[in-house]
Amino acid sequence: MRFAPVAAALSLFLATTASVTSASDREADPRALALINQGDAALEAGDTQAATDAYEAALAVDPAFTPIFLDLAEAARRDGLQGKAIRYYREALDRDPANFAAISGEGEALVEKGAVEKAQINLSRLESLCGASCPETLALQARIAAGPPARLAVEAQDENTASN
């Protein structure tokens with residue numbers, strides 16, 4: 001009798017943990033998959049707004065399907081909205097902290113925003129989770145090696161000239 005509350009709390013915890021871990025491994029709702037495919041086609045055609053609209057609709061249909069956040073982040077990055085992309089990557093990481101694609105994507109968006117030091121932290125995290133030769137680590141290494149976009153270098157140079 002004394003153990004009933006403890007047993008109930010433990011079983012509730014295990015049930016919650018099991019449902020959270022299995023949610024990331026499940027398939028998306030077929031309607032959401034159709035919208036994701038529509039978004040992928042729009043993104044491939046260069047129509048980032050239509051892609052974003054399709055991905056957001058897919059998220060409304062199946063809000064528990066984490067990979068949609070990666071698609072939204074990619075569309076935002078192609079639109080030059082790295083801050084928004086980082087927010088989407090972080091949402092994916094909140095749901096799945098070991099999501100290699102989200103860690104790498106966030107790191108790439110950080111480099112594109114000029115935050116190379118923060119991207120290095122993501123690279124270290126990836127190397128510890130999946131190793132130096134996994135595709136996500138290699139992609140982030142290449143992006144860091146390429147450095148921030150030229151427009152950021154010009155802006156920094158203009159700021160240095162203006163301050164002198």
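**Exercise 1. Work out how far apart Arg77 and Glu74 are along their helix, and what links their side chains.**

Start with the helix: Arg77 and Glu74 both sit in α4, three residues apart, which means about one helical turn lies between them. Helices here are DSSP runs of H or I of at least four residues, strands are runs of E of at least two, and both are numbered from the N terminus.

Next, the link. Arg77 and Glu74 join through a salt bridge, with an N to O distance of 3.9 Å. For the cut-off, a salt bridge needs a side-chain nitrogen of Lys or Arg within 4 Å of a carboxyl oxygen of Asp or Glu.

Then check the cover. Arg77 is buried at 13% relative accessible area, while Glu74 is partly exposed at 25%. Buried means under 20% relative accessible area, exposed means over 50%, and partly exposed is in between (1.4 Å probe, protein chains only).

One note before going on: this is a predicted model, so local features need pLDDT of at least 70 and side-chain atom pairs count only at pLDDT 80 or more, whereas totals for chains, interfaces and linings use all residues. Residues are numbered from 1 along each chain as its sequence is written, and side-chain values use heavy atoms, with hydrogens and water left out.

**Exercise 2. Follow the charged side chains outward from Glu74 and find the network they belong to.**

Step one: Glu74 also forms a salt bridge with Arg78, and here the closest N and O atoms are 3.0 Å apart. These two are four residues apart in α4, again about one helical turn. Arg78 is partly exposed, at 48% relative accessibility.

Step two: look at Glu112 and Arg143, whose side chains meet in a salt bridge at 3.8 Å, N to O. Glu112 belongs to α6 and Arg143 to α8, so this pair ties together parts that are 31 residues apart in sequence. Glu112 is buried at 12% relative accessible area, and Arg143 is buried too, at 19%.

Step three: put it together. Salt bridges with shared partners join Glu74, Arg77, Arg78, Glu108, Glu112 and Arg143 into one network. The whole structure holds eight salt bridges.

**Exercise 3. Describe the largest nonpolar core and say which helices build it.**

First, the rule: a nonpolar core is a set of buried Ala, Val, Leu, Ile, Met, Phe, Trp, Tyr and Cys residues joined through side-chain atoms within 4.5 Å. The largest one here has 36 residues, and Tyr55, Ile68, Tyr89 and Ile144 have the most contacts inside it.

Now the helices: α2 (30–44), α3 (48–61), α4 (67–78), α5 (82–95), α6 (100–113), α7 (116–130) and α8 (135–146) each give two or more residues. The largest share, seven residues, comes from α4.

Zoom in on Ile144: not counting residues up to four places away in sequence, it touches Val111, Val116, Ala119, Gln120 and Leu123. A contact means heavy atoms within 4.5 Å.

**Exercise 4. Are Thr52 and Ser104 buried or exposed, and what do they touch?**

Take Thr52, in α3. Thr52 is buried at 12% relative accessible area. Leaving aside neighbours within four places in sequence, Thr52 contacts Leu72 and Ala75.

Now Ser104, in α6. Ser104 is buried at 4% relative accessibility. With neighbours within four places in sequence set aside, Ser104 contacts Leu126, Glu136, Ala139 and Leu140.

**Exercise 5. Find the disulfide and check its cysteines.**

A search of the whole structure gives one disulfide, and Cys130 and Cys134 form it, with sulfur atoms 2.0 Å apart. The cut-off is a pair of cysteine sulfur atoms within 2.5 Å. Cys134 is buried at 9% relative accessibility.

**Exercise 6. Step back to the whole chain: what is the fold pattern, and where is confidence low?**

The chain has nine helices and zero strands, in the order α-α-α-α-α-α-α-α-α. Of its 164 residues, 35% are buried.

For confidence, use pLDDT, the predictor's confidence in each residue from 0 to 100. The chain averages 83, and 76% of the residues score at least 70. Residues 3–23 stay under 50, with one contact beyond four places in sequence. Residues 156–161 also stay under 50, with zero such contacts. Where pLDDT is low, the predicted coordinates should not be read in detail.
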